[in-house]
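Reader: Hello! I am new to this structure and would love a close look at a single part of it. Could you walk me through the sheet and what packs around it?

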Amino acid sequence: MKKLILIKIGGSSITDTSREGIAKPEVIRRLAEEVGQAGKNTNVILGHGSGSFGHIIGKKYAVQKGLINEKSREGAALTQNIAAQLHRIVINEFCLKGINALSFPPSAGAITRNRRITDWNLSAMQAALECGFLPVTCGDVVMDSQLGATIISTEEALRYIAEKLKPHKVILGGDIDGVFTANPKTTKDARLIKEINSKNIEEALKGAGESTKVDVTGGMKTKLEYAYEIARSCHTVCQIVNIDVPGRLRSAMMNDEVTGTTIRL
Ligand code: ADP
């Protein structure tokens with residue numbers, strides 16, 4: 001059995017966060033190359049964030065809160081539609097680089113309860129892996145048994161997949177080197193925390209905060225909570241790395257010694 005790696009490519013890396021609905025195809029292409037180079041003998045499931053595609057409309061209509069008013073359905077539909085456009089762009093760029101990517105968006109099959117996936121049949125995704133495809137999922141609008149509809153992050157999608165498929169490693173790639181003692185975008189002397197485990201998780205969470213961009217699913221605090229939960233419940237290594245740096249994703253896929261934060265229990 002080949003090793004399985006789950007990878008998130010963050011919305012802030014693959015879209016222009018200052019302009020609604022603008023992707024960065026050249027970045028996606030480079031990341032596709034890195035996945036292609038490092039993933040030859042590995043099974044990979046890729047998830048991508050929504051960046052300036054889903055988050056702006058999602059925030060305007062407060063889709064995360066559920067079906068709360070007469071505009072909520074419109075907001076959910078528009079958010080899913082624009083998130084799907086980025087999803088196709090990602091898959092298109094991977095295909096252009098010779099990677100046989102297949103789409104598995106959570107909206108097609110996942111059910112959540114208060115934004116946590118309770119049910120998602122992954123057998124088609126597993127079959128695709130076994131047949132040599134690269135399954136691609138994303139942050140998405142999903143049906144929720146309490147809220148009607150809501151938004152889930154890529155991390156939530158990957159958390160569920162990790163729980164079911166027990167990957168060898170989970171890589172959360174974004175626009176920052178890892179978890180710092182404080183937000184390095186606003187605090188000058190913030191230091192990178194290289195290893196997080198049960199001894200320093202509380203301290204690390206105290207320093208982790210919101211995103212400085214429009215983001216309806218979290219910032220670093222939520223990302224770290226997810227990474228810690230995945231590492232603990234799946235007995236796997238979770239790494240937070242900066243995929244804006246060329247080669248960093250490839251290195252993280254190939255070995256553990258990479259600039260970033262490793263969460264391991
Ligand atoms: P993505 O969109 O790539 O999933 P987010 O924007 O949601 O990532 O979260 C990463 C952001 O969280 C960073 O760009 C940074 O602005 C912010 N942040 C807040 N606190 C920290 C911290 N302690 N260490 C690193 N980043 C932090």
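Author: Let's start with strand 1 and strand 2, which run parallel to each other and are joined by seven bridges. One place to look is Leu6, which sits opposite Ile45 of strand 2. Please keep in mind that this is a predicted model. In general, the strands of a sheet pair through backbone hydrogen bonds, and the pairing is either parallel or antiparallel.

Now step back to the whole sheet. It is an open sheet of eight strands with mixed pairing, and the strands follow the order 3-6-2-1-9-11-12-10. Strand 3 and strand 10 (195-196) are its edge strands, as each of them pairs on one side only.

Next, look at what lies across the sheet. Helix 6 (residues 154-165) lies across strand 1, strand 2, strand 6 and strand 9 (169-174), and the helix runs at about 170 degrees to strand 1. Helix 6 has twelve residues and spans 16 Å from its first C-alpha to its last, close to the 16 Å expected at 1.5 Å a residue. Is this helix enclosed or open? Ten of its twelve residues are buried, so helix 6 is largely enclosed by the rest of the structure. Among those buried residues are Glu155, Glu156, Arg159, Tyr160 and Leu165. Just past the end of helix 6, Lys166 has a positive phi of about 45 degrees.

Helix 8 (residues 220-234) also lies across strands of the sheet: strand 1, strand 9, strand 10, strand 11 (237-242) and strand 12 (261-263). Helix 8 runs at about 150 degrees to strand 11.

Helix 5 (residues 123-130) is a nice one to turn around in your viewer. Its buried residues include Met125, Ala128 and Leu129. These three cover an arc of only 100 degrees around the axis, which puts them on the same side of helix 5. A general point helps here: an α-helix has 3.6 residues a turn, so residues three or four places apart point the same way. What covers the buried residues of helix 5 includes strand 1 (3-9), strand 2 (42-48), strand 3 (101-103), strand 6 (134-138) and helix 6. Just after helix 5 comes Gly132, with a positive phi of about 90 degrees.

There is further strand pairing to find around strand 7 (residues 140-144). Strand 7 is mostly covered, with four of its five residues buried. Strand 7 runs antiparallel to strand 8 (residues 148-152), and five bridges join the two. A hairpin of three residues links strand 7 to strand 8. You can pick out the pairing at Val141, whose bridge partner in strand 8 is Ile151. Strand 7 also pairs with strand 4 (residues 111-113), in the parallel sense and over two bridges. There, Thr112 stands opposite Asp144 of strand 7.

Finally, you may wonder about the cysteines. How many disulfides does the structure hold? It holds zero. A disulfide is a covalent bond between the sulfur atoms of two cysteines. For Cys131, the closest cysteine sulfur is that of Cys95, 16 Å away, which is too far for a bond. Cys131 counts as exposed, at 61% relative accessibility. Cys238, by contrast, is buried, with a relative accessible area of 0%. The closest cysteine sulfur to that of Cys238 is in Cys234, at 9.0 Å, again too far for a bond.

Note on methods. Residues numbered from 1 in each chain as written. Predicted model: local features only at pLDDT ≥ 70, side-chain atom pairs only at ≥ 80, totals over all residues. Heavy atoms only, no water. Disulfide = S-S within 2.5 Å. Buried < 20%, exposed > 50% of the residue type's maximum accessible area, 1.4 Å probe, protein only. Expected span 1.5 Å × (residues − 1). Arc of directions from axis to C-beta. Contact = heavy atoms within 4.5 Å. Pairing = 2+ DSSP bridges. Axes fitted to C-alpha atoms, helices over the stretch in contact; angles between N-to-C directions.
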